[in-house]
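Thank you all for coming. I would like to take a few minutes to walk through one model, starting from a single residue and working outwards to the helices and the core.

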Amino acid sequence: MKFIVSSTYLLKQLQVLGGVINSSNTLPILDNFLFDLKDSKLTVSASDLETTMSSTLDVESDEDGSIALPARLLLDTLKTFPEQPLTFVVEENNTVEISSNHGKYALAYADGNEFPKSVELDNPSTTTISGDILATAISKTIFAAGNDDLRPVMSGVFFQFSTEGLTFVATDAHKLVKYTRQDVQADQVAEFIMPKKPLNLLKGILAATSDAVTIEYNDSNAKFTFENTILVCRLIDGKYPNYEAVIPKENPNKLTIDRTQFLNSVRRVSIFSNKTTHQIRLKIAGAELNISAEDIDYSNKAEERLTCDYQGDDMQIGFNSRFLTEMLNNLNADNVQLEMSLPNRAGILTPIDGLDEGEHVTMLVMPVMLNN
């Protein structure tokens with residue numbers, strides 16, 4: 001088996017696939033990339049058993065074959081090469097010889113047949129979505145997903161597809177984000193929970209591409225196909241909580257404010273908050289918003305006043321500043337609206353501008369009890 005490939009082209013593909021490989025694997029074969037050569041097309045795959053990703057590269061070759069090569073060693077070597085053709089030749093003594101313009105490098109390989117086979121989806125449903133829209137949907141929601149192993153359903157992003165539009169939801173019980181696209185529809189109703197790791201991989205690859213992504217899914221797996229790449233992952237098993245029930249419908253108190261000003265203020269004041277609760281207090285009266293924090297243990301406190309547009313009763317409400325900062329950071333609007341009903345009910349944060357046609361974002365943040 002022999003093939004010739006550009007060093008930077010191969011490195012670029014392998015760096016993307018390298019994100020799948022765990023730092024410690026139970027099966028040694030998973031520390032390798034699978035190289036599968038057929039009709040001058042080289043398919044390189046990486047897997048952690050839950051997620052398998054493969055890219056197809058054009059190479060010069062008239063042979064077929066399949067080998068597994070050590071990922072770390074290969075990546076470290078390729079990073080040092082300037083752009084040049086590399087020749088890979090499988091030798092008799094169980095090694096692969098790589099020839100560059102200046103030298104030769106031999107590394108041991110494993111049999112490609114030992115590598116776990118990718119899952120084939122039985123009669124899947126299919127939806128097609130533009131890559132940049134999917135990347136936006138992931139980045140707008142994934143930060144709100146939980147990390148609790150005891151509640152695995154909340155550690156992923158909930159995909160809800162229907163003929164009306166697509167909805168993506170993530171929550172960790174303290175904060176919740178619901179992102180909707182009404183300009184993209186699915187043929188039939190479907191819902192599934194995607195784990196974080198494959199979503200982070202997709203987010204990184206798709207951010208700058210508007211190419212179509214075909215999503216195929218059944219009850220247990222999902223498959224994403226775009227350009228020359230395929231990603232197959234196991235879905236999180238379980239029923240997603242009824243998120244609509246926790247979004248308060250009646251919110252008479254509405255605060256409209258400049259997002260950057262609000263974010264910077266929260267950031268500054270939160271430096272003086274208690275290091276375990278991260279609690280900040282919002283006191284709203286008339287057209288004035290007072291943001292304050294206090295750490296009684298160290299006698300630290302801070303207070304800032306901002307002008308805002310407010311309709312509703314005077315109120316005081318407490319929030320965890322980290323959640324508020326994360327949410328404000330994730331919106332790219334100039335102005336945002338915070339809707340509230342009572343100091344013990346969730347606040348709803350929505351952008352007023354900066355959205356595409358058919359795009360909706362609703363962020364919900366649970367309050368913390370104020371100690372007066």
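**From one proline to the whole fold**

Let me begin with Pro195, which is buried, with a relative accessible area of 18%; the cut-off for calling a residue buried is under 20%. I should say at once that this is a predicted model, and I will speak about it on that footing. Pro195 has its place in strand 14, which covers residues 190–195. If we set aside residues up to four places away in sequence, Pro195 touches Gly156, Cys233, Arg234, Leu235 and Ile236. As for Tyr9, which lies 186 residues from Pro195 along the chain, the C-alpha atoms of the two are separated by 29 Å.

Stepping back to the whole protein, there are six helices and 27 strands, and the C-alpha atoms fill a box of roughly 80 × 50 × 35 Å along the principal axes. Of the 372 residues, 51% count as buried. Among contacts with a separation of 6 or more, 66% are accounted for by residues 24 or more positions apart.

What, then, does the largest nonpolar core look like, and which residues have the most contacts inside it? It has 98 residues, and those with the most contacts inside it are Phe33, Phe35, Phe224 and Phe262. The largest share of this core, five residues, comes from helix 3, residues 131–141. Taking Phe224 as one of these phenylalanines, and leaving aside its neighbours within four places in sequence, we find it in contact with ten positions that include Leu134, Phe159, Met194, Leu202 and Ile230. There is also a second, separate core of 13 residues, which includes Val169, Ile193, Tyr243 and Ile247.

Helix 3 deserves a closer look. Eight of its 11 residues are buried, so helix 3 is largely enclosed by the rest of the structure. The buried residues are Gly131, Ile133, Leu134, Ala135, Ala137, Ile138, Lys140 and Thr141, and you will notice that Lys140 and Thr141 are on that list.

Helix 3 also packs with helix 4, residues 196–206, at an angle of about 135 degrees, with the axes 9 Å apart. That angle makes helix 3 oblique to helix 4, and helix 3 passes helix 4 in a left-handed crossing. On the side of helix 3 the contact is made by Gly131, Asp132, Leu134, Ala135, Ile138 and Ser139, and on the side of helix 4 by Leu199, Leu202, Lys203 and Leu206.

A second helix pair is formed by helix 5, residues 259–270, and helix 6, residues 321–330, which pack at an angle of about 150 degrees with their axes 10 Å apart. Angles over 145 degrees count as roughly antiparallel, and so helix 5 is roughly antiparallel to helix 6. This crossing, too, is left-handed. Helix 5 contributes Arg259, Phe262, Leu263, Val266, Arg267 and Ser270 to the contact, while helix 6 contributes Ser321, Leu324, Thr325, Leu328 and Asn329.

I will finish with helix 2, residues 71–78, whose buried residues are Ala71, Leu74, Leu75 and Leu78. Why do these four lie on the same side of helix 2? They cover an arc of only 95 degrees around the axis, which puts them on the same side. The buried residues of helix 2 pack against helix 1 and against strands 2, 5, 6, 7 and 8.

Terms used: Residues numbered from 1 in each chain as written. Predicted model: local features only at pLDDT ≥ 70, side-chain atom pairs only at ≥ 80, totals over all residues. Heavy atoms only, no water. Buried < 20%, exposed > 50% of the residue type's maximum accessible area, 1.4 Å probe, protein only. Helix = DSSP H or I, 4+ residues; strand = E, 2+ residues; numbered from the N terminus. Arc of directions from axis to C-beta. Contact = heavy atoms within 4.5 Å. Core = buried A, V, L, I, M, F, W, Y, C linked by side-chain atoms within 4.5 Å. Axes fitted to C-alpha atoms, helices over the stretch in contact; angles between N-to-C directions. Parallel < 35°, antiparallel > 145°, perpendicular 65-115°, else oblique. Left-handed = near helix turned anticlockwise from the far one by under 90°.
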